Amino acid sequence: CAFDWDGSSLTELGCISDDSVGGSATELDGASGITLSGDYIFVTSSQDDAVSVFTWSGSSFSEVTTITDDSHSGDATELNKANSLKIDGDYIFTTSQGDEALSVFKWDESATTLSEVAVLKNDVEIDDPTSISFLNSSQFIVTSSNDNAVRLFTWDSANNSLSITEEDKANSSVPSVSFVSGDYVFIGSNGSLTIDAYDWDTSLQSLDFNNSTSIDDTIRSIIQIDSYIFTTIANSIYIYKWDSDIATLTSTTNIGVSCSPTSSNEECNMTAIGDYLFLVSKDENALAVYKWDKDTEELSSISEEVGGISPTDIVSNDGYVFITDKYSTIHGVVVYQWDDANETLTKVASISDDSVDGGTAQALKSPSSLTLLENHLFVTSDSEDSVTIIKWDESTQSLTESAVIQDDSQGGSAKGLDGANGVIVDEEYIFVTSNEDNQVVTL
């Protein structure tokens, strides 16, 4: 569905639904990945095994074209349970959970057609891919957990070919996460419990194993700040220093944090303000603050709030921290102000669902995702089938509900927000995927 946002209210403009629910879209059942390119919206479908292309005119959606898996008599060979997709120029890269494959399609805007130009399958070159990281616009690495491999691929757009440039199977057991930093690739391997460093040689076009650093438990996430690598491993943050001159990763310190090592559904989310790290954990009902001192290479605990909260997401801006909170007496958004000088985090504002005593928001029960754009917060709730827009006024340190729209199953006016989940935001529109109504929703 498409909605007009005038700064204070949302007005539904039009919808497009899958034909399984009486709509005009032919391949939107199980709408999954979504991305934009120019005037076009590209969506994968995990149930219809397809990629669909739509335009939004400002008043209506139009289905431009689709390509489906050959099991549906389509022209694509490996789109069974299609999920993620990325666009690079005129080419669309998709992954298939059912076929365990990577496919490349060419988008011809003038003819408005999608054509399959390359495929890599599990039984030939890839088995259970776990991560993908781009080195540049034509080369990327893929980790595969089943055959413990790290592979370098090259995409030749001139000849529409996808090939393995190099393959390594000797140093990674169950590689799970990866990221690229300059001339190096880091792989977190949860089988061998290592962080593996690889050299990327642009001139020789080679990816060579350099060294491994042992870790104590499985890696949940990995990021880099300056020359330091921060990882959440089990219920601790481990910090490593990377020396690119001698290609060495050295353990500096670790600190226990309030993250459950056994949870498979909830993550520890982090944000930073200057040298301070803010972490929320729904598992442990905690909001914690840490300070990073790169001179002494120490991460020290500043404060921790445990109990009475159940945070799910966190963002920061201009000295403020915003969290979504599912705790029974909150069900809303809470704002904290950070004081660098005194190293204190002070609650300054909140807004709760009207099911909570004193709550004013119409549909904030069990909030999940949180996005900040300028002075507005965009919050989704899959239990309320809603999107709520909240205005943050820093001068008065207050939160005010600007607009809310719910699915018609909740008595609202929207026809495509049942099970609202994925969301992307630009300056004019919010695009949401719905896993119950099988729709693409534009706000």
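This is a short talk through one protein model, from its overall make-up to a handful of individual residues.

Let me say at the outset that what you have in front of you is a predicted model, so every value I quote has been computed from it. The protein has 443 residues, of which 48% are buried, and its secondary structure comes to 37 strands and 0 helices. If we take the contacts between residues at least 6 apart in sequence, 39% of them join residues that are at least 24 apart. The exposed surface amounts to about 18500 Å², and carbon and sulfur atoms supply 39% of that area.

Let me turn to charge. How many salt bridges does the structure hold? The count is 1 salt bridge, and it is formed by the side chains of Glu 343 and Lys 291, with an N to O distance of 3.5 Å. Glu 343 sits in the loop between strand E29 (332–339) and E30, whereas Lys 291 belongs to strand E25 (residues 286–293), so the pair ties together parts of the chain that are 52 residues apart in sequence. As for exposure, Glu 343 counts as partly exposed at 25% relative accessibility, and Lys 291 is likewise partly exposed, at 30%. As a general remark, side chains of opposite charge can pair when their charged atoms come close.

There is also a patch of like charge on the surface, a negative one, which is made up of Asp 39, Asp 90, Asp 108 and Glu 109. Of these I will place Glu 109, which is found in the loop between strand E9 (101–108) and strand E10 (113–121). Glu 109 has a relative accessible area of 47%, which is why it is classed as partly exposed.

Staying with strand E9 for a moment, the loop between E8 and E9 contains Gly 98, a partly exposed residue whose relative accessible area is 35%. Leaving aside the neighbours within four places in sequence, Gly 98 is in contact with Asn 80 and Lys 81. The C-alpha atom of Gly 98 is also separated by 9.3 Å from that of Asp 49, a residue 49 places away along the chain.

Strand E8 itself, residues 91–96, is where we find Thr 94. Is Thr 94 buried or exposed? With a relative accessible area of 1%, Thr 94 is buried, because anything under 20% falls in that class. Its surroundings can be listed as well: not counting residues up to four places away in sequence, Thr 94 touches Thr 44, Val 51, Leu 79, Ser 84, Leu 85, Ala 101, Leu 102, Ser 103 and Phe 105.

I mentioned Lys 81 as a contact of Gly 98, and Lys 81 deserves a comment on its backbone. Most residues other than glycine have a negative phi. Lys 81, although it is not a glycine, has a positive phi of about 60°. Lys 81 lies in the loop between strand E6 (61–68) and strand E7 (82–88), and its relative accessible area of 44% makes it partly exposed.

Which other residue should we look at for a positive phi? Asp 318, again a residue other than glycine, has a phi near 50°, and Asp 318 is placed in the loop between strand E27 (311–317) and strand E28 (320–325). Here the side of the classification changes, since Asp 318 is exposed, with a relative accessible area of 59%.

I will end with three residues that lie in strands. Thr 346 is in strand E30, residues 344–352, and is partly exposed at a relative accessible area of 43%. Apart from neighbours within four places in sequence, Thr 346 is in contact with Val 335, Tyr 336 and Gln 337, while its C-alpha atom is separated by 9.7 Å from that of Val 321, 25 residues apart along the chain.

Gly 188, in strand E16 (residues 184–189), is buried, with a relative accessible area of 0%. Its C-alpha atom and that of Ile 215, 27 residues apart along the chain, are separated by 9.4 Å.

Ser 301, finally, lies in strand E26, residues 298–306, and is partly exposed, its relative accessible area being 48%. The C-alpha atoms of Ser 301 and Ala 288 are separated by 7.8 Å, with their positions 13 residues apart along the chain.

Terms used. Residues are numbered from 1 along each chain as its sequence is written. This is a predicted model: local features need pLDDT of at least 70, side-chain atom pairs count only at pLDDT 80 or more; totals for chains, interfaces and linings use all residues. Side-chain values use heavy atoms; hydrogens and water are left out. Patches are made of residues with over 30% relative accessible area and no salt bridge: like charges are joined within 9 Å, nonpolar side chains (Val, Leu, Ile, Met, Phe, Trp, Tyr) within 5 Å. Accessible areas come from the Shrake-Rupley method with a 1.4 Å probe; for residues, only the protein chains shown count as cover. A salt bridge is a side-chain nitrogen of Lys or Arg within 4 Å of a carboxyl oxygen of Asp or Glu. Lys and Arg count as positive and Asp and Glu as negative; His and the chain ends are not counted. The place of a charge is taken as NZ of Lys, CZ of Arg, CG of Asp or CD of Glu. Helices (H or I, at least four residues) and strands (E, at least two) are DSSP runs, numbered from the N terminus. Buried means under 20% relative accessible area, exposed over 50%, partly exposed in between (1.4 Å probe, protein chains only). Contact means heavy atoms within 4.5 Å.
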